[in-house]
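Trainee: I am new to this structure and would like a close look at a single part. Please take one helix and follow its surroundings.

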Amino acid sequence: MKYVSDIEKQFKNLNSRKAAGPDHISPLLLKTCCKQLCGVYYHLFNRCISNHIPSLWKSATIIPVPKNNTPKVLNDFRPVSLTPVPFKCLARIVLKQLKKETANKLDEFQFAYREGRSAEDAVLTVINSVSEHLENSDSCARALFIDFSSAFNTIKPAILIEKLKSLGISPILY
């Protein structure tokens with residue numbers, strides 16, 4: 001972690017109306033007292049990155065939230081996980097740094113999880129590419145679409161770490 005200002009920015013941008021996680025530290029507290037707490041969290045975050053993340057920060061409180069105004073059966077609720085707010089801030093800071101380090105290594109045709117890109121951009125790119133190709137006589141076009149929406153659930157951490165190493169990502173980020 002390089003800058004206290006990154007932590008201050010995260011704390012200031014918190015939605016103070018959100019609920020606290022199992023650590024009972026509310027976003028309102030962090031937002032209101034960010035100047036006083038940034039230095040403390042700077043050291044805490046650095047210790048988390050270099051040593052280990054506290055087990056409390058890896059836990060969540062699951063609460064049922066009604067899907068409609070008059071829930072009648074259990075299926076009318078959806079589970080929502082309340083996770084510790086400081087850990088979410090740390091995760092956002094690490095993600096921002098990881099995105100910086102991987103930006104020039106991503107495939108230009110990757111549209112998912114990229115700022116300023118959408119599924120619509122992907123569809124338009126495919127349509128444009130196929131149209132250009134079909135302008136040649138005696139040609140055809142084939143396309144394969146794969147949905148990786150649940151792929152993250154099947155990633156093996158050891159393989160992901162090796163991939164990040166091969167990309168030259170800073171070890172502190174993985």
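Mentor: What follows starts with one helix and moves on to the aromatic rings and the cysteines.

This is a predicted model, in which local features need pLDDT of at least 70 and side-chain atom pairs count only at pLDDT 80 or more, while totals for chains, interfaces and linings use all residues. Residues are numbered from 1 along each chain as its sequence is written, and side-chain values use heavy atoms, with hydrogens and water left out.

The pLDDT is the predictor's confidence in each residue, from 0 to 100. The protein averages 87, and 97% of the residues score at least 70. Among its elements, α2 has the highest mean pLDDT (96) and helix α6 (residues 157-166) the lowest (86).

The part chosen is helix α4, residues 85-102. Helices (H or I, at least four residues) and strands (E, at least two) are DSSP runs, numbered from the N terminus. The expected span of a helix is 1.5 Å times one less than its number of residues. For the 18 residues of α4 this gives 26 Å, which agrees with its end C-alpha atoms, 26 Å apart.

Which residues of α4 are buried? They are Val-85, Pro-86, Cys-89, Leu-90, Ile-93 and Thr-102. Buried means under 20% relative accessible area, exposed over 50%, and partly exposed in between (1.4 Å probe, protein chains only). These buried residues pack against α1 (4-12), α2 (27-32) and α3 (34-50), where contact means heavy atoms within 4.5 Å.

Next come the rings. Phe-87 forms one aromatic cluster with Phe-11, Tyr-41, Phe-45 and Trp-57. Rings of Phe, Tyr and Trp (its six-membered ring) pair if their centres lie within 6.5 Å; planes under 30 degrees apart count as stacked, over 60 as edge-to-face and the rest as tilted. By this rule there are four aromatic pairs. One of them, Phe-45 with Trp-57, is edge-to-face, at 5.9 Å centre to centre and 75 degrees between the planes. Phe-45 lies in helix α3 and Trp-57 in the loop between α3 and β1 (61-66), so the pair ties together parts that are 12 residues apart in sequence. Phe-45 is buried at 0% relative accessibility, and Trp-57 is buried at 8%.

Last, the cysteines. A disulfide is a pair of cysteine sulfur atoms within 2.5 Å, and the whole structure has zero. For Cys-38, the nearest cysteine sulfur is that of Cys-34, 5.0 Å away. Cys-38 is buried, at 2% relative accessibility. For Cys-89, the nearest cysteine sulfur is that of Cys-38, 9.5 Å away. Cys-89 is buried too, at 0%.
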